[in-house]
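This report describes a single model, shown below. It covers backbone geometry first and then charged side chains.

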Amino acid sequence: MSKEAVFMIKPAPELLDDTLADAEETRAQYHAFLQRKVDAARASILAGEGIPNDVVEAKFAALRAAARGRQ
């Protein structure tokens, strides 16, 4: 006859606080990283280094057509 045991583990409040603080710090770091990427992209557009959307769309339409032709 087998018996099943169920263990309930409650994290210590300090551990939970540390985990939540780490998660918030990670979120803040990612947000800062993403903001730097957006700022750099906007600066490159303003400097005239961007590629117009219609040029990108045409290039990828041609790539998609070529890929379909290889199938």
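Which residue just after helix 1 takes a positive phi? In this predicted model, that residue is Gly-48, with a phi of about 80°.

Helix 1 itself covers residues 13-46, a run of 34 residues. From its first C-alpha to its last, helix 1 reaches 49 Å, close to the 50 Å expected at 1.5 Å a residue.

The structure holds one salt bridge. The side chains of Glu-24 and Arg-27 form this contact, with an N to O distance of 3.1 Å. Both residues belong to helix 1 and sit three residues apart, about one turn of the helix. An α-helix has 3.6 residues a turn, so residues three or four places apart point the same way. Neither partner passes the cut-off for exposed, which is over 50% relative accessible area: Arg-27 is partly exposed at 47%, and Glu-24 is partly exposed at 44%.

A negative surface patch is also present, made up of Glu-14, Asp-17, Asp-18, Asp-22 and Glu-25. Of these residues, Glu-14 lies in helix 1. Glu-14 counts as exposed because its relative accessible area is 52%, and the cut-off for that class is over 50%.

The accessibility values for three charged residues are listed here.

| Residue | Relative accessible area | Class |
|---|---|---|
| Glu-14 | 52% | exposed |
| Arg-27 | 47% | partly exposed |
| Glu-24 | 44% | partly exposed |

How values were computed:
Residues are numbered from 1 along each chain as its sequence is written. This is a predicted model: local features need pLDDT of at least 70, side-chain atom pairs count only at pLDDT 80 or more; totals for chains, interfaces and linings use all residues. Side-chain values use heavy atoms; hydrogens and water are left out. Helices (H or I, at least four residues) and strands (E, at least two) are DSSP runs, numbered from the N terminus. The expected span of a helix is 1.5 Å times one less than its number of residues. Patches are made of residues with over 30% relative accessible area and no salt bridge: like charges are joined within 9 Å, nonpolar side chains (Val, Leu, Ile, Met, Phe, Trp, Tyr) within 5 Å. Accessible areas come from the Shrake-Rupley method with a 1.4 Å probe; for residues, only the protein chains shown count as cover. A salt bridge is a side-chain nitrogen of Lys or Arg within 4 Å of a carboxyl oxygen of Asp or Glu. Lys and Arg count as positive and Asp and Glu as negative; His and the chain ends are not counted. The place of a charge is taken as NZ of Lys, CZ of Arg, CG of Asp or CD of Glu. Buried means under 20% relative accessible area, exposed over 50%, partly exposed in between (1.4 Å probe, protein chains only).
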